[in-house]
Amino acid sequence: MADEQQIWDADTAQRYDTPGTGMFAPDVLGPTVDRLVALADGGAALELAIGTGRVAVPLAGRGVPVTGIELSQPMVDVLRTKVDEATIPVVMGDMTTVRAPGRFSLVYLVFNTISNLLTQAEQVECFRNAARHLAPGGRFVIELWVPQLRVLPPGVGATVWHEEPGYLGIDTYDVLEQRLVSHHVRFGEGSDAQLFRSPHRYVWPAELDLMGQLAGFGLESRHADWSGAAFTAGSTSHVSVYRLLDEERTPSRTGPLP
Ligand SMILES: C[S@@+](CC[C@H](N)C(=O)[O-])C[C@H]1O[C@@H](n2cnc3c(N)ncnc32)[C@H](O)[C@@H]1O
């Protein structure tokens, strides 16, 4: 986990929020929060990797009690400039293991963050930890991109997934280990550039569903976005909703695999 703590340091935390634009744009956040309010179904929500509260703060503002789990103190320090501990309590630690007090009707993990866990075992543990926090019938929601391997010709190890003046987003792939590194390069007219890099383990939707099964979930729905657009072969990301199945159908939910 040391790497993740280095990545989400004070510098990154201070630059994370972009009020009104990017992931903070109303047309991104609005549908996200609307859907999460509906999925919480009148109960309390737990955000794994809550960060600076991009989603949690407006969700709490809609009357949903929200608790967070987060690894990075600098990210939580930014959250604390917006809301206090009584409004959104946060438990510091690793989302694969740490326990937040309470029972929730909704656990959610957005903005591709399950891919920050770099092994399959950790990703499965994350599902299991979500299950531990849920009341019977509760939901676990994941927002994740679809690996874009189809645009990677044989022999090519990188894709440019976004380009605009002064910014390049480049992914380099290790298809053997099912990993990639995202490089965010910001530059001006001169030779200076700023680089932010993050490692990920990419996951196919079907693999995610199997992780859900191992932790006692069934897939309730999958859409291409928060507004409910159909998920198709051409979709580049998805919002997947898992529902905790009955105890008798899930003997391995909290224990070791049979
Ligand atoms: C892309 S940010 C997402 C933050 C927030 N959920 C959002 O949507 O803006 C990823 C966050 O995941 C946190 N993180 C990464 N690995 C984690 C782990 N194993 N346990 C808890 N938090 C983790 C990072 O510290 C960072 O705050």
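How many residues of domain 1 are in contact with how many of domain 2? Here are my notes, with that one answered in point 2.

1. First, what you are looking at. This is a predicted model. The protein has seven helices and eleven strands. Along its principal axes, the C-alpha trace spans about 60 × 45 × 35 Å. A compact globule of 258 residues would have a radius of gyration near 18 Å, and the protein has 18 Å, so the two agree.

2. Now the domains. Domain 1 is made of two stretches, 2–147 and 203–249, while domain 2 covers 149–200. Their centres, taken over C-alpha atoms, are separated by 24 Å. As for the opening question, seven residues of domain 1 are in contact with six residues of domain 2. On the domain 1 side of that contact, you'll find three nonpolar residues, three polar ones and one charged.

3. Next, the sheet with seven strands. This sheet is open, its pairing is mixed, and its strand order reads 3-2-1-4-5-11-10. Which strands stand at the edges? They are strand 3 (90–92) and strand 10 (217–223), and each has a single partner strand, so one side of each is left without a neighbour in the sheet. On average, neighbouring strands here are turned by 20 degrees against each other, direction ignored.

4. Inside that sheet, have a look at strand 4 (residues 104–109) and strand 5 (residues 134–145). They pair in the parallel sense, over five bridges. If you want a spot to click on, try V107, whose bridge partner in strand 5 is F140.

5. Two helices to find on this sheet. Helix 6 (residues 120–133) packs on the sheet and touches strand 1 (45–48), strand 4, strand 5, strand 10 and strand 11 (237–244). The direction of helix 6 makes about 145 degrees with that of strand 5. Helix 7 (residues 205–214) also packs on the sheet, touching strand 5, strand 10 and strand 11. For helix 7, the angle to the direction of strand 10 is about 150 degrees.

6. On to the sheet with four strands. This one is open too, with the order 6-7-8-9 and antiparallel pairing. Why does one side of strand 6 and of strand 9 lack a neighbour in the sheet? Strand 6 (158–164) and strand 9 (193–201) stand at the edges with a single partner strand each, so one side of each is left free of a neighbour. From one strand to the next, the twist averages 15 degrees.

7. Zooming in on strands 7 and 8. Strand 7 (residues 167–174) and strand 8 (residues 179–187) pair in the antiparallel sense over eight bridges. Two pairs help you trace the register: Y167 stands opposite R186 in strand 8, and Y173 stands opposite L180 in strand 8. Strand 7 and strand 8 form a hairpin with four residues between the strands, and there Q178 takes a positive phi near 60 degrees.

8. Then strands 8 and 9. Their pairing is antiparallel as well and runs over nine bridges. These two strands make a hairpin with five residues between them. In strand 9, R201 is the bridge partner of R179, and R197 is the bridge partner of H183.

9. Last, the ligand. Which residues are the closest to it? Of the 21 residues that surround the ligand, the closest are W8, A49, G51, R54 and S72. By class, the shell has twelve nonpolar, five polar and four charged residues.

Definitions and conventions. Residues are numbered from 1 along each chain as its sequence is written. This is a predicted model: local features need pLDDT of at least 70, side-chain atom pairs count only at pLDDT 80 or more; totals for chains, interfaces and linings use all residues. Two strands pair if DSSP finds at least two bridges between them. Axes are lines fitted to C-alpha atoms, for helices over the stretch in contact, and angles run from 0 to 180 degrees between N-to-C directions. Domain bounds come from an automatic or database domain assignment. Ala, Val, Leu, Ile, Met, Phe, Trp, Tyr, Cys and Pro count as nonpolar, Asp, Glu, Lys and Arg as charged, and the others, Gly among them, as polar. A residue is near a molecule or strand if its C-beta atom, placed from the backbone, lies within 6 Å of it. The radius of gyration is taken over C-alpha atoms; the globule rule is 2.2 Å times the number of residues to the power 0.38.
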